[in-house]
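Dear colleague,

I am handing over the structure below, and after it you will find an account of what was found in it. Please keep the structure open beside the text as you read.

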Amino acid sequence: LKISYILACHNEGAVIEGRIRNIQCQAEFQTQGELIVAVDGSTDATYSRARALVAPNLQVLNLPRLGKACAQNIAIEKSRGDIIFITDADTKFEPGFTRFMLEELFRDRATGAVIGCLQWEDNQRSTGVLKRLQFFVENHIRAAESRLGVLTSGSGASMAFWKKYYVPMERETDDTDTLVPLDMVRQGHKVRYCARALAWETPLDRKSTRLNSSHANISYAVF
């Protein structure tokens with residue numbers, strides 16, 4: 001089986017190189033993976049910095065400003081993987097993240113998608129405590145819903161699913177956090193939560209990434 005990591009981004013030049021290298025460190029990426037970076041109309045150095053990291057299993061798309069949902073659709077359509085991992089530029093995977101996600105996805109034939117355990121990285125700011133508490137509560141709710149078989153939402157920063165079940169998003173403001181899990185459930189597939197698959201969301205002091213154009217997508221916003 002082949003794995004495709006999809007990273008849609010806008011004006012992430014400050015972090016894109018580190019994010020790509022973090023994904024490339026996943027053992028499964030090195031043996032059976034590809035990474036598609038969909039640069040969504042960036043006005044900074046995101047595209048040039050991503051392109052500079054030449055690798056046979058890295059593809060960088062320089063797209064016009066379409067919105068995150070459309071950028072993800074294009075990248076997924078171009079992907080060759082049986083399994084899709086979607087993530088964000090301000091996220092970091094812990095070692096073993098991919099392996100744990102795959103183990104959960106392979107638990108039974110009914111599983112269509114898996115949500116990883118996304119944590120807020122401590123940044124010693126006043127908002128840090130509240131963000132960590134928010135993530136803690138959300139993860140516990142997802143774990144309980146997963147055990148009950150009623151999980152219908154997740155995080156687009158740490159999600160994996162079978163490509164054959166993916167339904168392309170129709171609007172530029174659609175969000176994978178809710179639509180992908182809901183589409184899986186509508187098709188009769190399970191969505192599971194994997195507490196062992198740890199990822200970190202890193203706070204970024206870049207107000208320019210909060211969008212306000214006609215093509216704005218809240219999924220790119222930085223809290």
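**What was found**

Of the 223 residues in the chain, 55% are buried. Please keep in mind throughout that this is a predicted model. The chain contains seven helices and eight strands, and among its contacts between residues at least 6 apart in sequence, 75% join residues at least 24 apart. The area that the chain exposes comes to about 10,500 Å², of which carbon and sulfur atoms supply 53%.

**The nonpolar core**

The largest nonpolar core has 60 residues, and those with the most contacts inside it are Tyr5, Ile20, Leu35, Val37, Phe85, Met101 and Phe161. Leu35 is a useful one to look at in detail: leaving out residues up to four places away in sequence, Leu35 touches Tyr5, Leu7, Ile20, Ile23, Phe29, Asn57, Leu58 and Gln59.

Two helices can be described by their buried residues. In helix α4, which spans residues 68-78, these are Lys68, Ala69, Ala71, Gln72, Asn73, Ala75 and Ile76. They pack against the strands β1 (3-9), β2 (33-40), β3 (58-63), β4 (83-87) and β7 (159-162), and also against helix α7 (176-186). Helix α5, residues 97-105, is mostly covered, since seven of its nine residues are buried; the buried ones are Phe97, Thr98, Phe100, Met101, Leu102, Glu104 and Leu105. When you look at such lists, it helps to remember that an α-helix has 3.6 residues a turn, so residues three or four places apart point the same way.

**Aromatic rings**

The structure holds seven aromatic pairs. One of them is formed by Tyr5 and Phe29, whose ring centres are 5.7 Å apart and whose planes meet at 65°, so the pair is edge-to-face. This pair links distant parts of the chain, because Tyr5 is in strand β1 and Phe29 is in helix α2 (residues 27-32), 24 residues apart. Tyr5 counts as buried, at 0% relative accessibility, and Phe29 is buried as well, with a relative accessible area of 3%.

A further edge-to-face pair is made by Trp120 and Phe135, with 5.8 Å from centre to centre and 65° between the planes. This pair, too, links distant parts of the chain, with Trp120 in strand β6 (residues 111-120) and Phe135 in helix α6 (residues 126-148), 15 residues apart. Both Trp120 and Phe135 are buried.

Beyond the pairs, Tyr5, Phe29, Phe85, Phe93 and Phe97 form one aromatic cluster. Charged side chains also meet these rings: the charged end of Arg19 sits over the ring of Phe93, 4.3 Å from its centre, while the charged end of Lys131 sits over the ring of Trp120, 5.3 Å from its centre.

**Three loop residues**

Which residues does Ser42 touch, not counting those up to four places away in sequence? They are Cys9, His10 and Asn11. Ser42 lies in the loop between β2 and α3 (46-51), and its side chain reaches the backbone nitrogen of Asn11 at 2.7 Å. Because the cut-off for a buried residue is under 20% relative accessible area, Ser42 counts as buried with its 18%.

Asn11, the partner of Ser42 in that contact, is found in the loop between β1 and α1 (16-24). Asn11 is buried, with a relative accessible area of 11%. Its backbone deserves a careful look, for Asn11 has a positive phi of about 50° although it is not a glycine. As background, most residues other than glycine have a negative phi.

Finally, Tyr165 is found in the loop between β7 and α7, and at 18% relative accessibility Tyr165 counts as buried. Leaving aside its neighbours within four places in sequence, Tyr165 is in contact with Gly112, Met184, Gln187 and His189. With one of these, Met184, the separation can be given in two ways: Tyr165 and Met184 are 19 residues apart in sequence and 6.9 Å apart in space, taken from C-alpha to C-alpha.

With best wishes

Note on methods:
Residues numbered from 1 in each chain as written. Predicted model: local features only at pLDDT ≥ 70, side-chain atom pairs only at ≥ 80, totals over all residues. Heavy atoms only, no water. Core = buried A, V, L, I, M, F, W, Y, C linked by side-chain atoms within 4.5 Å. Buried < 20%, exposed > 50% of the residue type's maximum accessible area, 1.4 Å probe, protein only. Contact = heavy atoms within 4.5 Å. Helix = DSSP H or I, 4+ residues; strand = E, 2+ residues; numbered from the N terminus. Polar contact = N/O pair within 3.5 Å; in protein donor to acceptor, adjacent residues only side chain to side chain. Areas by Shrake-Rupley, 256 points an atom, 1.4 Å probe, with all protein chains shown as cover. Phe/Tyr/Trp six-rings, centres within 6.5 Å; stacked < 30°, edge-to-face > 60°. Lys NZ or Arg CZ within 6 Å of the ring centre and 35° of its normal.
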